[in-house]
Amino acid sequence: MEFRRKDLLGIADLEPGEIFHILDTAAVLKEISTRPIKKVPTLRGKTVVTMFYEPSTRTRMSFEIAAKRLSADTLNLTVAASSATKGETLSDTAQNLEAMQPEILIMRHPTSGAPHYLARRLRCGVINAGDGIHEHPTQALLDLLTVREAKGRIEGLKVAIIGDIAHSRVARSNIHGFTKLGARVVVAGPPTMLPPYLETLGAEVTFSLTEAVKDADVIMMLRLQLERMGQMYLSTLREYSAHFGLGLRHLEGAKDDVIIMHPGPLNRGVEISSEVADGPYSVILQQVTNGVAVRMALLYLMIGGEKE
Ligand code: CP
């Protein structure tokens, strides 16, 4: 199966064959980043615009690096220094950027559905780089690639996703991605952070970190999204960490070759200890490396190679 979409808005929309095609393309393009000269002319003459209405280190930088490695021109809208501060609407900002004729616009926004809103209004492609608490599709794709590299497969694995599921677009995209490819997904967290619809997405739900970790092939820890919470989700960080912070002792229940993932940014000592984050089971930095490869693959598939 090929990937011939104008936009990438979520993993929920994708067929398993499309996901595999993106992962296979990323696996091939990853080699470019190991060369002494990390650049190919594939997207010469194409323009990629990033528009981030929320902070980002990994996603924005890796999209920019991915575009540059494929020789595309990149432009970044610095929202705080843009005319959005003078009251310009999201739609007007995006339509003005589109008038400069980029091939693709990559956006992160605190409102769930914002990229979908723009995708309906713009002729250029739109990639969702994280919308509110809804989806973060490129994070899930890089996570799938990392697991497939480490384990050689996705199907049949037990994937434990632990933490603030309610506010996590990463969790939602990964539940869609891993279940579509045949993994068993178990989510765990405090009851206040486990929304009621998770089972309808295909995930199993537990309130116990120990139970989620038992026999897990993959443990994915999530950051508490304090910026999206009121006061009612947890009593103290210390109590949260005592129940849902991953330490070395928890790994005894997991498979011997378990891998530890985290989308970043880490809150060390809250959801994950430094011994685990920096330890031999951690693939956290491999995830970041694979983020470049997956984003190169998407840009290539959406505005280069196959589209043409
Ligand atoms: N994983 C992730 O989205 O990180 P950033 O917020 O730094 O982009």
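**Exercise 1. Determine which residues surround the ligand, and which polar contacts they make.**

Solution. Step 1: the residues around the ligand are S56, T57, R58, T59, R108, H136, Q139, P263 and G264. The model is a predicted one.

Step 2: take the ligand's oxygen atoms. One oxygen atom of the ligand lies 2.8 Å from a backbone N or O atom of T57. In the side chain of T59, an N or O atom is 2.6 Å from an oxygen atom of the ligand.

Step 3: take nitrogen. A nitrogen atom of the ligand and a backbone N or O atom of G264 are 3.4 Å apart. With a cut-off of 3.5 Å for a pair of N or O atoms, the pair at G264 counts as a polar contact.

**Exercise 2. Place Q139 in the fold and decide whether Q139 is buried or exposed.**

Solution. Step 1: Q139 is part of helix α5, and Q139 is also one of the residues around the ligand.

Step 2: the relative accessibility of Q139 is 5%. Buried means under 20%, so Q139 counts as buried.

Step 3: beyond neighbours within four places in sequence, Q139 touches V170, P263, Q287 and R295. Of these, P263 is also listed around the ligand.

Step 4: for a distance across the chain, compare Q139 with F52. They are 87 residues apart in sequence, and their C-alpha atoms are 15 Å apart.

**Exercise 3. Give the strand order of the five-stranded open sheet and state which strands stand at the edges.**

Solution. Step 1: the order is β7-β6-β5-β8-β9, and the pairing is parallel.

Step 2: β7 (204–206) and β9 (259–261) each have a single partner strand, so they are the edges, and one side of each lacks a neighbour in the sheet.

Step 3: from one strand to the next, the twist averages 20 degrees.

Step 4: look at one pair. Three bridges join β6 (residues 184–188) to β7 in the parallel sense, and V186 has E204 in β7 as its bridge partner.

Step 5: add the helix. Helix α5 (residues 137–151) packs on this sheet, where α5 touches β8 (218–221) and β9. The direction of α5 makes about 165 degrees with that of β9.

**Exercise 4. Find which residues of helix α8 are buried, and what they pack against.**

Solution. Step 1: within α8 (residues 237–244), the buried residues include Y240, S241 and F244.

Step 2: these residues lie on the same side of α8, because they cover an arc of only 95 degrees around the axis.

Step 3: the face turned away from that side bears R238, A242 and H243, which are exposed.

Step 4: the packing partners of the buried residues are β5 (158–162), β6, α7 (209–213) and β8.

**Exercise 5. Describe the burial of β4 and the pairing of β3 with β4.**

Solution. Step 1: in β4 (residues 125–131), seven of seven residues are buried.

Step 2: β3 (residues 104–109) pairs with β4 in the parallel sense over five bridges. I106 stands opposite I127 in β4.

**Exercise 6. Locate I32 and list its contacts.**

Solution. Step 1: I32 sits in the loop between α1 (16–29) and β1 (47–52).

Step 2: I32 has a relative accessible area of 5%, so I32 is buried.

Step 3: outside four places in sequence, I32 contacts K38, K39, V40 and M296. I32 and M296 are 264 residues apart along the chain, with their C-alpha atoms separated by 9.9 Å.

Conventions
Residues numbered from 1 in each chain as written. Predicted model: local features only at pLDDT ≥ 70, side-chain atom pairs only at ≥ 80, totals over all residues. Heavy atoms only, no water. Pairing = 2+ DSSP bridges. Helix = DSSP H or I, 4+ residues; strand = E, 2+ residues; numbered from the N terminus. Axes fitted to C-alpha atoms, helices over the stretch in contact; angles between N-to-C directions. Contact = heavy atoms within 4.5 Å. Buried < 20%, exposed > 50% of the residue type's maximum accessible area, 1.4 Å probe, protein only. Arc of directions from axis to C-beta. Near = heavy atom within 4 Å. Polar contact = N/O pair within 3.5 Å; in protein donor to acceptor, adjacent residues only side chain to side chain.
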